[in-house]
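Student: I would like to learn how to read a few features of a model, beginning with burial and going on to ring pairs and cores. Could you take me through them slowly?

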Amino acid sequence: MSKKQIKWLSVVLLLSIMAVIGFMIYRYYVGNSVNYYGIFTISLLAASLFELNTFGETSFLGSYNQDEKGDELEEHIVKVSSKISYFVLLVILFIILLITDLTGKSNLPIMLALCAAILTLPVIQFIVSKKYQ
Amino acid sequence: MENLIREYREKKGLSQGKLAELCEVTRQTINAIENGKYDPTLKLAFRLAKVLSVSVDELFKGEET
């Protein structure tokens, strides 16, 4: 993908995000309800925007060139970012749990998600380590 | 890990882009390796050595203990 194409696609993605946010604000004022699908759409569009500006391609929009082998540095960046994202996600889950707890609401699904997230890494490590024994 | 890729590349008159092309990686990968920000895999280390016509030993300096 050329730099010009990346720039144009980034503008399209940014405009789409702004349109979804606008629609969500409109829905909130008209129907007084939060559009959860809107939040999901924004996260997908924002993820695509970041990915596009990092690797020049985006997996969410399905424009990865399947014939092209992944570059070594690109694979390294993906690996390092995955590790960091896991711990950032753990902290975010913990903060959400703490906030809901402080507001006096119990949030079992978030608690379960946090426990699952804490368990996931050691369990997967255990399984993968078996492969090398 | 320290390496002498830049020296051998310049001796061969290759640009980062050309070396990247010959090793089937991106120019960014070569740049990161030359600047010591990324250690290549064994596969790429051998490919670099082959392209630069040197041994892996000559290309990479291990950390002194």
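Tutor: Let us begin with Tyr86(A), which is buried, with a relative accessible area of 19%, where buried means under 20% relative accessible area, exposed over 50%, and partly exposed in between (1.4 Å probe, protein chains only). This is a predicted model, in which local features need pLDDT of at least 70 and side-chain atom pairs count only at pLDDT 80 or more, while totals for chains, interfaces and linings use all residues. Residues are numbered from 1 along each chain as its sequence is written, chains are lettered from A in the order in which they are written, and side-chain values use heavy atoms, with hydrogens and water left out.

Student: With which residue does Tyr86(A) form an aromatic pair?

Tutor: A pair of aromatic rings is described by the distance of the centres and the angle of the planes. Rings of Phe, Tyr and Trp (its six-membered ring) pair if their centres lie within 6.5 Å, and planes under 30 degrees apart count as stacked, over 60 as edge-to-face and the rest as tilted. The structure holds two such pairs over all chains. In one, Tyr28(A) and Tyr29(A) meet edge-to-face, at 5.8 Å centre to centre and 80° between the planes; Tyr28(A) is partly exposed at 41% relative accessibility, whereas Tyr29(A) is exposed at 68%. Tyr86(A) pairs with Phe87(A), also edge-to-face, with 5.0 Å between centres and 75° between the planes, and Phe87(A) is partly exposed at 47%.

Student: Which residues touch the most other members of the largest nonpolar core?

Tutor: In soluble globular proteins, nonpolar side chains tend to be buried together. A nonpolar core is a set of buried Ala, Val, Leu, Ile, Met, Phe, Trp, Tyr and Cys residues joined through side-chain atoms within 4.5 Å. Here the largest has 21 residues, and Ile5(B), Leu19(B), Cys23(B), Leu48(B), Leu52(B) and Leu59(B) touch the most other members. Helices H1 (5–11), H2 (16–23), H3 (27–34) and H4 (42–51) of chain B each give two or more residues to this core, helices being DSSP runs of H or I with at least four residues, and strands runs of E with at least two, numbered from the N terminus. H4(B) gives the most, with five residues.

Student: What does Cys23(B) touch, leaving out residues up to four places away in sequence?

Tutor: Taking contact as heavy atoms within 4.5 Å, Cys23(B) touches Leu44(B), Arg47(B), Leu48(B) and Val51(B).
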